[in-house]
Amino acid sequence: MKKFLMMAAALMSSLAIIAPVAIAQVNLQPQAQLSAPAPQMAAFTDPRSVPADLARVDASMNSTVSFSGRFAQYAADGSFAQGQVYIKRPGKLRFEYDAPNPLLIVSDGVTLTQQDKALETIDRVPLSATPLNYFLKENINLANDTEVIALQKTYNEWRVTARDGSGEMDGAITMVFDANTLALKEWVIADSFGGETRVLLSELKYNERINPRLFVLRDESRRDRRR
């Protein structure tokens, strides 16, 4: 179950946190050589501006009611998956993996459900018990709802790192925004074992109508048993 929660956290969040002012097209860069590690950055580029910066991020995220597009996921174990993402705030989410990946993750606003079509299993947890709940809320407030442990700004991007302030959930999420538009480009989940899962977004369409049936996961096995 813990693995399921961390995987769900890697898919979000957020999931509902994309500014409608730009579509973030992401191109991966080759990984740096181990002999030349990236320079370390201070946790907060400008501590004095953190409240104002977070308020700008909140406003950008809250300006999007819904979006749909593509996602690419690079998991901590080296695996790669991609698919279609749909999000409608508050609370609703669908991650539809491309074949041959058998996973489907859906939130109806109350329950987060993962279906594995290959194993014919369905797992459910309350949305409120996952980190996704922070970023699918109707009104997002990072300073109040999470513990922000880093806010790094460069010419090209802002990186906001947050974790559960209550200490009940392990790991942290880093959200990467375009510096000019504050459109979310990607997020990275770091688990308590040192692993990271990276999710990149592209081809996004904002605030368009999304079929509400996409956020309802039908249990085919139960339907068959009722016949």
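Buried means under 20% relative accessible area, exposed means over 50%, and partly exposed lies in between. The exercises below use these cut-offs on a predicted model.

**Exercise 1.** Classify Glu120 as buried, partly exposed or exposed, and describe its place and backbone.

Solution. Step 1: find the residue. Glu120 sits in the loop that runs between strand 5 (111-116) and strand 6 (121-126). Step 2: take its relative accessibility, which is 72%. Exposed means over 50%, so Glu120 counts as exposed. Step 3: look at the backbone. Glu120 is not a glycine, yet its phi is positive, at about 60°.

**Exercise 2.** Do the same for Asn207: where does it lie, and how accessible is it?

Solution. Step 1: Asn207 belongs to the loop between strand 11 and helix 5. Step 2: the relative accessible area of Asn207 is 40%. Partly exposed covers values between 20% and 50%, so Asn207 is partly exposed. Step 3: Asn207 has a positive phi, near 55°, although it is a residue other than glycine.

**Exercise 3.** Find which residues Leu214 touches, leaving out residues up to four places away in sequence.

Solution. Step 1: place Leu214 in the loop between strand 11 (196-206) and helix 5 (220-226). Step 2: list the contacts, which are Tyr86, Arg94 and Val106. Step 3: compare sequence with space. Leu214 and Ile87 are 127 residues apart in sequence, while their C-alpha atoms are 9.7 Å apart.

**Exercise 4.** Locate the cis peptide bonds that lead into Pro90 and Pro100.

Solution. Step 1: Arg89 and Pro90 are joined by a cis peptide bond with omega of about 5°. Pro90 is in the loop between strand 2 (80-88) and strand 3 (92-97). Step 2: the bond from Ala99 to Pro100 is also cis, and its omega is near 10°. Pro100 is in the loop between strand 3 and strand 4 (103-108).

**Exercise 5.** Asp58 carries a charge; what is the nearest side chain of opposite charge, and how far away is it?

Solution. Step 1: Asp58 is part of helix 2 (residues 50-62). Step 2: the nearest side chain of opposite charge is that of Arg89, 9.3 Å away. Step 3: a salt bridge needs the charged atoms within 4 Å. Asp58 has no salt bridge, yet it is buried. Step 4: beyond its neighbours within four places in sequence, Asp58 is in contact with Ile140, Asn141 and Leu142.

**Exercise 6.** How many aromatic pairs does the whole structure hold, and what is the geometry of the pair Phe71 and Phe95?

Solution. Step 1: a search of the whole structure gives 3 aromatic pairs. Step 2: in the pair of Phe71 and Phe95, the ring centres are 4.8 Å apart and the planes are at 70°. Planes over 60 degrees apart count as edge-to-face, and this pair is edge-to-face. Step 3: Phe71 is in strand 1 (residues 66-74) and Phe95 in strand 3, 24 residues apart, and the pair links distant parts of the chain. Step 4: Phe71 counts as buried at 2% relative accessibility, and Phe95 counts as buried at 0%. Step 5: another pair is Tyr74 and Phe80, with centres 4.9 Å apart and planes at 50°, so this pair is tilted. Tyr74 is partly exposed at 30%, and Phe80 is partly exposed at 44%. Step 6: Phe71, Phe95 and Tyr97 make up one aromatic cluster.

Conventions:
Residues numbered from 1 in each chain as written. Predicted model: local features only at pLDDT ≥ 70, side-chain atom pairs only at ≥ 80, totals over all residues. Heavy atoms only, no water. Helix = DSSP H or I, 4+ residues; strand = E, 2+ residues; numbered from the N terminus. Contact = heavy atoms within 4.5 Å. Buried < 20%, exposed > 50% of the residue type's maximum accessible area, 1.4 Å probe, protein only. Lys, Arg positive; Asp, Glu negative; His and termini not counted. Phe/Tyr/Trp six-rings, centres within 6.5 Å; stacked < 30°, edge-to-face > 60°.
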